[in-house]
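This report goes through one structure in plain terms. The sequence and the model come first, and the description follows.

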Amino acid sequence: MTEYLKHLLDPVLLFGALGTIAILSLVFKENRFYRLFEHIFLGLALGYDLELTWTTVLKPQFWDAMVHDGQWAWIMAVPVGLMFYGVYTQRFAWMSRLVFGIFFGLAAGTAFQDFSARFMPQVTRSFAPNKSLIPPPPTPGDPHALLHQVSFVLNNFLFLGIVVCVLVYFLFAFEQKNRAVLRTAQLGRWVLMFSFGAIFGSTIMTRMALLIDRMYFIFHDWLRLVKG
Amino acid sequence: MNSTLWNRLQTIDRRIIYAVLLLFIIIPLFIDIPLPTYPSKQSQDFYDTLEKVAADKGNANKIVIVNGMWSPSTRGENQWQAEALITHLMQKHLHFATLTFDTQNDTVMQTSVVEPLAKKYGYVYGRDYVNWGYRPNAVYVITIKGLVTNIPGTIKKDAHGTPITSFAVMKNVKTRSDVAAVVDITPVESTETWLGLFEQNNSPPYLFAPTAVMAPTYYPYLDSGQIQGMLTGIKGAGDYEGLLHTKSFGSRIASALSLVYALIILLVIIGNVGHFATRAAKRREAS
């Protein structure tokens with residue numbers, strides 16, 4: 001058997017290549033080859049997740065700590081965890097409500113901090129006229145300083161205009177009969193469509209990058225037809 | 001006759017389209033088509049931020065946290081971002097810790113990216129970098145919150161079960177103030193938690209490497225300065241490789257990606273020409 005044939009029949013590479021071809025075959029037609037590998041992948045992923053969760057998390061941090069390191073208080077996690085399953089019976093549903101309530105409370109408290117830290121900087125940045133509309137001093141030696149300053153101001157006016165238009169579009173509390181409001185909302189809808197177009201373009205980039213990667217695997221890693 | 005032609009333009013068999021698409025992807029793998037590429041501002045900012053972090057002598061005993069949420073399913077984008085990032089960290093002798101909340105990430109990140117590059121740049125485990133390992137997604141929020149005030153107490157042990165306090169690289173790393181930067185390589189919405197619960201007044205610098213499909217929704221965070229730089233999918237990885245002068249997969253597929261975009265634009269135009277011509281023909285027949 002030649003070295004190249006040995007490489008082609010390497011079980012890991014061969015399985016990867018067959019899996020890639022099988023999954024991609026769906027775009028031409030639904031078939032059993034695709035179904036087989038879909039189930040294999042699902043089973044593999046689930047088994048891998050379970051094994052990793054036990055070996056890297058539950059065993060060292062819970063089981064070993066409790067059984068070997070004398071941290072017996074971890075046993076309390078078991079009845080608390082079981083309380084969640086009370087939701088499946090009417091008799092013990094109150095138990096699940098108790099733990100769910102505690103977790104909801106914790107999550108709500110975190111959400112307050114999370115929300116303000118994430119969104120307040122954006123709100124203040126959007127409505128800071130001194131920062132947004134007055135250009136920064138020109139960079140010494142910049143031959144296009146005036147152009148940069150003008151574009152800075154125009155860009156920020158555009159930004160403010162778009163923010164207002166989009167916000168008006170989302171005013172659903174009253175019927176938009178006024179012509180000015182209606183037109184502003186329409187403009188808001190148009191700029192939203194532009195942003196959706198940008199997202200669509202980026203989606204294509206992601207999907208194509210993943211496809212190119214798979215082709216690279218087939219032709220470079222497996223078939224070794226592509227150099228470099 | 002014309003009407004049939006326009007109809008055909010709108011109903012090209014999808015298998016033909018897929019076959020042409022595959023050809024447009026495969027050909028640039030064999031033939032190098034040099035197309036000019038320029039780094040985007042976000043990629044340049046990403047690079048510049050890490051350059052600044054490396055130049056600041058106060059960061060000598062700090063670490064960069066590399067949070068990886070990706071798995072083989074988005075390898076085509078995230079692996080190359082990760083590779084360029086780790087290359088940059090090692091070139092600049094920055095200490096780093098890898099962390100993940102995805103079950104598959106740890107193995108892929110270590111075997112495909114970190115370990116080969118550590119060999120290349122002479123990075124030693126425990127002295128120059130450490131792998132904090134995998135944590136379940138269920139404890140994501142509480143882990144990020146814990147890192148703010150008590151990193152050793154939150155992480156406790158590395159991926160191999162060794163207490164992290166025993167590593168030289170972790171000697172001075174106790175709280176958020178000992179973190180030089182956070183880099184999130186992700187195909188999921190993990191950024192919000194870092195920005196909401198870990199960052200304080202945009203410190204330490206937060207850098208973001210998402211898949212391209214996610215990128216447009218994060219521009220407000222860039223405008224507000226909460227994210228200091230962003231690598232947009234494989235384009236961002238290619239930009240970064242260019243800035244580092246280490247041409248790899250990201251740079252190589254730039255031409256394939258450009259050709260595919262050209263093909264898709266052409267197909268959209270063909271479909272629209274067919275649609276409008278058919279409509280015009282129907283109107284003429286009606287009148």
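In chain A, the residues A:Gly19, A:Ala22 and A:Ile23 of α2(A) meet A:Phe33, A:Tyr34, A:Leu36, A:Phe37 and A:Phe41 of α3(A). Sorted by class, the residues of this contact are seven nonpolar, one polar and no charged. Two residues are in contact here if their C-beta atoms, placed from the backbone, lie within 7 Å. Helices (H or I, at least four residues) and strands (E, at least two) are DSSP runs, numbered from the N terminus. Ala, Val, Leu, Ile, Met, Phe, Trp, Tyr, Cys and Pro count as nonpolar, Asp, Glu, Lys and Arg as charged, and the others, Gly among them, as polar.

The model is predicted: local features need pLDDT of at least 70, side-chain atom pairs count only at pLDDT 80 or more, and totals for chains, interfaces and linings use all residues. Residues are numbered from 1 along each chain as its sequence is written, while chains are lettered from A and ligands numbered from 1 in the order in which they are written.

**The helix pair in chain A**

Two packed helices are described by the angle between their axes and the distance between the axes. For α2 (residues 11-24) and α3 (residues 32-67) of chain A, the angle is about 120 degrees and the axes are 8 Å apart. That angle makes α2(A) oblique to α3(A). Axes are lines fitted to C-alpha atoms, for helices over the stretch in contact, and angles run from 0 to 180 degrees between N-to-C directions. Angles under 35 degrees count as roughly parallel, over 145 as roughly antiparallel, 65 to 115 as roughly perpendicular and the rest as oblique. The crossing of α2(A) and α3(A) is left-handed, a term used if the near helix is turned anticlockwise from the far one by less than a right angle.

**Domains**

The domain bounds come from an automatic or database domain assignment. Chain A is assigned domain 1 (1-70) and domain 2 (145-228), and the C-alpha centres of these two domains of chain A lie 36 Å apart. Five residues of domain 1 of chain A are in contact with six residues of domain 2 of chain A. On the domain 1 side of that contact, α2(A) gives the most, with four residues. By class, this side of domain 1 of chain A has two nonpolar, three polar and no charged residues.

For chain B, the assignment gives domain 1 (2-31 + 255-286) and domain 2 (41-252). The C-alpha centres of the two domains of chain B are 41 Å apart.

**Chain B and its contact with chain A**

Chain B has 12 helices and six strands, and its C-alpha trace spans about 85 × 40 × 30 Å along its principal axes. Of its 287 residues, 43% count as buried. A residue is buried if 20 or more other C-beta atoms lie within 10 Å of its own, exposed if 12 or fewer, and partly exposed in between, with C-beta atoms placed from the backbone.

How many residues of chain B are in contact with chain A? There are 41 of them, in contact with 35 residues of chain A. Elements giving two or more residues to this side of chain B include α2 (14-30), α4 (75-91) and α12 (254-286) of chain B. α2(B) gives the most, with six residues. The side of chain B that touches chain A has 22 nonpolar, 12 polar and seven charged residues.

**Single residues**

Most residues other than glycine have a negative phi, and most peptide bonds are trans. The table lists two residues of chain B with positive phi.

| Residue | Phi | Loop in chain B | Other C-beta atoms within 10 Å |
|---|---|---|---|
| B:His93 | about 55 degrees | between α4 and β2 (96-100) | 11, exposed |
| B:Asn201 | near 50 degrees | between α8 and β5 | 8, exposed |

A cis peptide bond joins B:Ser203 and B:Pro204, with omega about -5 degrees. B:Pro204 is in the loop between α8 and β5 (206-210) of chain B.

B:Gln10, in helix α1 (residues 2-10) of chain B, is partly exposed, with 14 other C-beta atoms within 10 Å. Its C-alpha atom and that of B:Thr278 are separated by 9.4 Å, although the two residues are 268 residues apart along the chain. Leaving aside neighbours within four places in sequence, B:Gln10 is in contact with B:Gly271, B:Gly274, B:His275 and B:Thr278.
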